[in-house]
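Work through the exercises below with the sequence and coordinates open. Each task is followed by a solution in steps.

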Amino acid sequence: MKKIFLLASALMFWLGCAKSEIQENYVPIPLEVEQPSNFPDIVYNLDNNLVTEAGFELGKRLFYDGKLSANGAIPCAFCHEQAFAFTHHGHTVSHGVNGGIGTRNAQPLQNLAYQSEFMWDGAASHLDFQPIIPLTSELEMGETLTNVIDKLSLDIYYQEQFKKAFEDGEINSENMLKALSQFMLMLVSSNSKYDKYVREEDNVMLTQIELDGFETFQNKCASCHATDLFTDQSYRNNGLSINPKLNDEGRYSIFENPNDKYKFKVPSLRNVEKSFPYMHDGRFATLEAVLNFYDSGLVNNGNVDPTLLRNDNTYGITLNEYEKESIIAFLKTLTDNEFLTDERFSEY
Amino acid sequence: MKIIKFTFALLLCATISSCSSDDDTENLTGKLGNIIIKFDNGVDDQDFIFGTSYNTSSGESYKLETLKYLISNIRIKDNNGDTFMYPSEKNVFIIDEADGNNAGEIWVTLNDIAAANYTEITFGIGIDQDRYALGADGQGDFLAKAEEEGMMWSWATGFRFTRLDGTYSSDTVTDEALNIHMGSVGTAVDNYREVTLSLPNMAIVREDKTPELHVKADIAKLFDGTTSVSFDEGYSQVHVDETTTGVIANNAMDMFMVHHVHND
């Protein structure tokens with residue numbers, strides 16, 4: 001008896017609160033984060049952050065909004081442009097608020113749902129938290145979470161949209177980061193010519209030179225650029241010479257483990273035709289330069305990946321001219337124009 | 001809102017008193033109260049004061065300008081062996097010496113605790129892997145607060161579990177920078193630790209009784225706990241290194257004791 005009474009009063013209590021707290025505007029329409037059949041499994045826990053239409057829209061608005069930066073002029077999209085697979089087009093290393101120059105080449109934003117660590121050195125180990133780094137970096141957006149939330153709270157669009165996107169309707173750091181994740185999770189690039197070929201869709205075939213390149217790639221590159229994400233998500237040192245101006249030690253900065261010196265996350269090669277310049281510091285402008293590097297440009301910086309050691313005791317991957325040409329032809333089949341022009345992701 | 005809460009409380013009282021009249025042992029079912037935990041930082045048998053020099057067993061000395069740590073997952077056990085877990089989404093606190101009252105105490109108030117006689121408290125130092133894996137989920141404003149308080153790294157995603165900033169002096173150096181920013185690094189290095197402390201006397205929580213737990217935190221233990229460390233030998237800058245952060249994390253477990261409980 002008492003239990004029922006308690007329950008009833010608890011219910012009354014809850015209803016009383018519910019009226020004032022749960023927004024009528026919150027009508028979640030779920031969006032599906034794709035699981036392409038040729039991809040590894042999604043690792044992001046979608047149960048904790050249901051992707052909805054309103055949440056995605058909110059995330060997109062945040063991504064394109066200069067309010068997230070100290071001078072109002074540097075949105076995420078400033079360094080992550082859709083047409084270039086969300087990279088900072090034409091910049092070796094990115095620059096942010098007040099002319100601050102970063103030390104690294106902006107990575108493409110694609111297929112993040114299938115990866116567990118982010119950034120060139122893996123400094124971000126949860127997608128929700130990643131944006132805190134650019135937001136608060138003095139070289140990038142130069143803001144604080146508290147200040148950004150204050151700015152958003154004054155904006156009528158956000159007052160409405162947070163209510164539509166989240167049950168509690170709060171404009172706070174939790175919901176802002178969740179919305180950004182929702183937008184980024186939807187950035188799936190899985191419809192390149194290569195994808196259609198391996199999934200046997202629409203009778204898509206590769207040309208002879210593309211097929212030759214694919215074969216050479218599988219023999220010489222796929223040990224690191226593995227799976228259909230084209231990264232095994234490990235950290236490796238591929239023998240780049242050290243730029244003394246930046247002296248970027250890569251993964252070493254995370255654990256200060258000498259074994260991690262100059263290791264960087266193996267990048268995905270999807271849309272690589274569009275995401276130039278290349279490498280963590282953007283030192284190579286073209287794919288030709290990258291392949292010439294693999295063939296003859298590696299230096300022994302003290303910790304080069306052992307798999308890159310050749311029989312003659314030099315480091316590198318021997319490639320003849322046709323192999324280079326055909327690998328490049330193959331890499332271009334990874335360009336996904338549907339993704340690069342998808343209007344769901346564009347600002348306007 | 002307030003009125004509703006009040007009505008609810010009234011209803012609750014009415015229900016309980018009407019049903020529990022058949023025996024005269026105190027029936028605590030469904031009754032709630034509060035607990036106050038007072039964190040009181042010290043160094044050995046001295047009070048902690050910013051800018052004051054303290055010695056370590058290895059003959060070095062240090063002065064601090066910042067002293068903060070993260071406490072989470074507080075739960076308390078009563079004399080029947082039942083554990084009350086404070087709701088997870090509210091169960092993370094930044095203990096900042098700068099927030100201390102004139103007595104140097106930082107108060108944490110836990111509301112809506114089941115009325116009981118408590119004998120033991122357990123809490124975590126830092127952020128555990130489960131909470132980290134939630135990402136932003138359930139964290140409300142905590143992330144903004146942690147960032148504002150400098151309890152998040154700026155160069156990587158993660159929390160500082162301890163934040164001690166100041167200087168140290170030894171035989172070889174004077175007023176060198178001292179920064180103890182221990183935390184976990186993703187899933188690779190887990191420095192979350194828990195401590196269980198028995199209460200010297202029971203904490204009696206009732207609707208009208210709010211006990212105060214006086215928790216003493218001996219900062220000296222961070223450097224002279226299970227392992228004694230020397231600033232000169234790798235412990236003046238503790239950030240990510242697996243070994244040094246682990247040693248500080250383990251030492252942090254030795255810091256805390258419940259000195260006494262005030263029941264009113």
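**Exercise 1: a loop residue**

At 1% relative accessibility, A:Thr333 counts as buried. The model is a predicted one.

Task: State where A:Thr333 sits in chain A, and list what A:Thr333 touches beyond its sequence neighbours.

Solution.
- Step 1. Place the residue: A:Thr333 lies in the loop that runs between helix 12 (321-332) and helix 13 (337-340) of chain A.
- Step 2. Apply the cut-off: A:Thr333 has 1% relative accessibility, and buried means under 20%.
- Step 3. Leave out residues up to four places away in sequence; A:Thr333 then touches A:Ser192, A:Lys193, A:Tyr194, A:Leu206 and A:Glu210.

**Exercise 2: a strand residue**

Task: Is B:His259 buried, partly exposed or exposed, and why?

Solution.
- Step 1. Locate the residue: strand 14 of chain B covers residues 256-262 and contains B:His259.
- Step 2. Take its relative accessibility, which is 41%.
- Step 3. Compare with the limits: buried is under 20% and exposed is over 50%, with partly exposed in between. B:His259 therefore counts as partly exposed, because its relative accessibility is 41%.
- Step 4. Add the surroundings: with residues up to four places away in sequence not counted, B:His259 touches B:Pro200, B:His214 and B:Lys216.
- Step 5. Set sequence against space: B:Ser198 is 61 residues from B:His259 in sequence, while their C-alpha atoms are 9.9 Å apart.

**Exercise 3: the two chains**

Task: Describe chain A and chain B by secondary structure, extent, burial, contacts, surface and charge.

Solution.
- Step 1. Secondary structure: chain A contains 13 helices and two strands, and chain B contains six helices and 14 strands.
- Step 2. Extent along the principal axes: the C-alpha atoms of chain A occupy a box of roughly 85 × 50 × 45 Å, and the C-alpha trace of chain B spans about 75 × 40 × 30 Å.
- Step 3. Burial: 55% of the 348 residues in chain A are buried, and 54% of the 264 residues of chain B are.
- Step 4. Contacts with a separation of 6 or more: residues 24 or more positions apart account for 67% of these in chain A and for 74% in chain B.
- Step 5. Surface: chain A has an accessible surface of about 15,900 Å², with 53% from carbon and sulfur atoms. For chain B the surface is about 11,500 Å², with 49% from carbon and sulfur atoms.
- Step 6. Charge: chain A carries 28 positive and 50 negative side chains, the centres of the two sets being 3 Å apart. Chain B carries 18 positive and 43 negative side chains, with centres 6 Å apart.

**Exercise 4: pocket and cavities**

Task: Which helix of chain A gives the most to the lining of the largest pocket?

Solution.
- Step 1. Size: the largest pocket holds about 1,200 Å³ of space.
- Step 2. Lining: 47 residues line this pocket, and the closest to its centre are A:Arg104, A:Gln107, A:Met119, A:Gln130 and A:Glu140.
- Step 3. Candidates: in chain A, helix 3 (76-79), helix 4 (132-136) and helix 7 (173-185) each supply at least two lining residues.
- Step 4. Choice: helix 4 of chain A gives the most, with four residues.

Task: How many cavities of 30 Å³ or more are found in the whole structure, and what volume does the largest cavity have?

Solution.
- Step 1. Count: the search finds five such cavities.
- Step 2. Volume: the largest cavity measures about 100 Å³.
- Step 3. Lining: 16 residues line the largest cavity, and A:Ser241, A:Ile242, A:Phe264, A:His280 and A:Arg283 are the closest to its centre.

Conventions:
Residues are numbered from 1 along each chain as its sequence is written. Chains are lettered from A and ligands numbered from 1 in the order in which they are written. This is a predicted model: local features need pLDDT of at least 70, side-chain atom pairs count only at pLDDT 80 or more; totals for chains, interfaces and linings use all residues. Side-chain values use heavy atoms; hydrogens and water are left out. Buried means under 20% relative accessible area, exposed over 50%, partly exposed in between (1.4 Å probe, protein chains only). Contact means heavy atoms within 4.5 Å. Accessible areas come from the Shrake-Rupley method with a 1.4 Å probe; for residues, only the protein chains shown count as cover. Lys and Arg count as positive and Asp and Glu as negative; His and the chain ends are not counted. The place of a charge is taken as NZ of Lys, CZ of Arg, CG of Asp or CD of Glu. On a 1 Å grid over the protein atoms alone, a cavity is a set of points where a 1.4 Å probe fits but cannot get out, and a pocket is an open set with protein on both sides within 12 Å along at least five of seven lines; lining residues have an atom within 4 Å of a point. Grid points are joined across faces, edges and corners, and a volume is the space filled by probe spheres set on the points.
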